[in-house]
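Biologist: I would like a close look at one part of this protein. Please take me through the cavities, step by step.

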Amino acid sequence: MNFQTFIIKNALRNKRRALLSVLSVAVSLFLLVTLLVALRELTLPVEGAGAELRVAVRNKISIANLLPARQRPVIERIPGVEAVTPFTWFGGKYKNEENMTFAQFAMDPTKLRSVFGEAKMNPEAYAAFEKERDGCVIGRISADKYHLKVGDKITLESTVYPVTLDFKIVGIYAGTPDDRNMLFRQDYLNEATGDTGEVGMWWLKVKSAEDMPRVLAAINKAFENTSAEVRAETERAFQLSFISMWGNIKLLVTLISSAVVFTLLLVSASTMSMAIRERFRELAILKALGYRRRELFAFILAESFGLAMAGAVIGVGGAYCLYTFGDVSKLTNGLFPYFEVTARIVGTGAAVAAALGVVSSIMPGLAVARMSVAEGLKTLD
């Protein structure tokens, strides 16, 4: 019997305990990877054609406060601004669903291509969106989820405005970071609500990256000391500020992840201590045969490390396969369109497993090192 066989046989001596140990590591690492992936998706910088040139303009007090529609010509006259569109949250319920899984926004249909150029549709869909008063376009993910197609009609009951509107789907877009939203015409909403002269916020496109700082400052300056002061920010900054409204998500996820790792460490250390204590007599015999402390510690370390890495293969590998090849949108009920398990997250999971294997072997290793041969032989096998 060589060393490898000896270590494997010891690790699998109590198969039920070994299996439970591996599964506890696997489940914990699966949860850890899930938390890290979800955090990454929530805080992922917006990328894509045009995203770096896009600006969000919202009410300085709160995103829930509306802005006067008369601000638009002022923004359009600022040098460096290429296109401006209102963007008003409708909050419609589809088929009386309590939890909305796709958002609806009213906008200027003629500015869809210039401001949100990554939303790809055929030319006929763009033309119909600009022409038909009740026309709307919907993201591919939501269209697939609700089995909607071009030509279908849907009715949405707004939770923001006292109206229920009928829409005709004239296009299905794809290519944005989140193909779930529905877009419809701002003038259709104005007509239904009596044209209150207000919009939710503004989205605009600047001509170049060099124009961005000057445009942001000019917009904020233009409405300073007015009844509707604004905050203009890049899409990335807007995304981060929007997430911050939910609270410190990053801190919360970090605390949960730390608790998972700490609990896992306690379980692994306890399991290894019990396993080694049952073999004190055998280890004492090995000591008597001339095995040195570092060689005995190497046996314990290899066993602990092997069990932890087996759990990592199942837990991290399972998470990678599920989120890479599974339907994340369906699993999360549309909350996340997809999860990307990056190499860094896989490496983090593997590093945590390796650290668990090493740390869990320290206390049993010290106990064996301090044990005399006589004390070890007195223990029950």
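Modeller: What follows is a short tour of the cavities, with the two largest taken in turn. Keep in mind that this is a predicted model. The structure has four cavities of 30 Å³ or more.

Start with the largest cavity. Its volume is about 110 Å³. It is lined by 14 residues. Closest to the centre are S21, V25, S268, L307 and A308. Now look at the elements around this cavity. Helix 2 (15–43), helix 10 (249–277), helix 12 (293–325) and helix 14 (343–370) each give two or more residues to the lining. What is the chemical character of that lining? Seven of its residues are nonpolar and seven are polar. No charged residue is found there.

Turn to the second largest cavity. It holds about 80 Å³ of space. Three helices each supply at least two residues of its lining: helix 1 (3–11), helix 11 (280–288) and helix 12. Find F6, I7 and N10 in the lining. Then pick out I276, R279, E282, L283 and L286. F299, I300 and E303 line this cavity too. The lining divides into seven nonpolar residues, one polar and three charged.

Now set the two side by side. Helix 12 gives two or more residues to the lining of the largest cavity, and helix 12 also supplies at least two for the second largest. The largest cavity has no charged residues in its lining, whereas the second largest has three.

Note on methods:
Residues are numbered from 1 along each chain as its sequence is written. This is a predicted model: local features need pLDDT of at least 70, side-chain atom pairs count only at pLDDT 80 or more; totals for chains, interfaces and linings use all residues. Side-chain values use heavy atoms; hydrogens and water are left out. On a 1 Å grid over the protein atoms alone, a cavity is a set of points where a 1.4 Å probe fits but cannot get out, and a pocket is an open set with protein on both sides within 12 Å along at least five of seven lines; lining residues have an atom within 4 Å of a point. Grid points are joined across faces, edges and corners, and a volume is the space filled by probe spheres set on the points. Helices (H or I, at least four residues) and strands (E, at least two) are DSSP runs, numbered from the N terminus. Ala, Val, Leu, Ile, Met, Phe, Trp, Tyr, Cys and Pro count as nonpolar, Asp, Glu, Lys and Arg as charged, and the others, Gly among them, as polar.
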